[in-house]
Amino acid sequence: MEALPPATLVASWMCRLAAAVILLQTLWFKFTGAEESVYIFTQVGLEPWGRYASGMMELLAAVLLLVPRTAPLGAWLAAGVMVGALAAHLTRLGIVVQGDGGLLFALALIVLTCALATAYIHRRQTPFRWPSALNQTP
């Protein structure tokens, strides 16, 4: 694993922790069948199995993000799940869901941003090649 400069390492941990905390916080609602979660997955036609699958993917992404060696994989998994969540918001749910003021949409954007930042910070640890311009050290 490549050693990162201290400021970059702090940024990595901040992004990974923010994404993991948000992902873990939402699990309670998915796994307990909270009214809002059931509503969301009913609207997209995936209740209940989509709710459970989404929760499992979010749990796995959060755990992977918190382990330094697997952070890039967790970042890509989190990004993929959040792209799906944002697509659901933009196509079926709307930005505001059941009067939440857009909170769930905003949280998905935060997780996506943090996940992509983490993937970029740890780009040399990923098993695929980034475009050469992104792999250069400043």
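Let's start with what helix 1 leans on: its buried residues pack against helix 2 (35-43), helix 3 (49-66), helix 4 (71-93) and helix 5 (103-121). Keep in mind that this is a predicted model.

Which residues of helix 1 are the buried ones? They are S12, C15, R16, A19, A20, I22, L23, T26, L27 and K30. As you look at that list, remember that an α-helix has 3.6 residues a turn, so residues three or four places apart point the same way.

Now for the helix as a whole. Helix 1 covers residues 6-32, and at 1.5 Å a residue its 27 residues should span 39 Å. The end C-alpha atoms turn out to be 40 Å apart, which agrees with that expectation. Just after helix 1 comes G33, which has a positive phi, near 70°.

Zoom in on L27, which sits in helix 1. Its relative accessible area is 8%, and buried means under 20%, so L27 counts as buried. What does L27 touch, once residues up to four places away in sequence are set aside? The answer is G55, E58 and L59. For a sense of scale, L27 and T126 are 99 residues apart in sequence, and their C-alpha atoms are 27 Å apart in space.

Over in helix 3 you'll find S54. With a relative accessible area of 16%, S54 also falls under the 20% cut-off, so this residue is buried too. Leaving out neighbours within four places in sequence, S54 is in contact with K30, F41 and V81. You've met K30 already: that residue is on the list of buried residues of helix 1.

Key
Residues numbered from 1 in each chain as written. Predicted model: local features only at pLDDT ≥ 70, side-chain atom pairs only at ≥ 80, totals over all residues. Heavy atoms only, no water. Helix = DSSP H or I, 4+ residues; strand = E, 2+ residues; numbered from the N terminus. Expected span 1.5 Å × (residues − 1). Buried < 20%, exposed > 50% of the residue type's maximum accessible area, 1.4 Å probe, protein only. Contact = heavy atoms within 4.5 Å.
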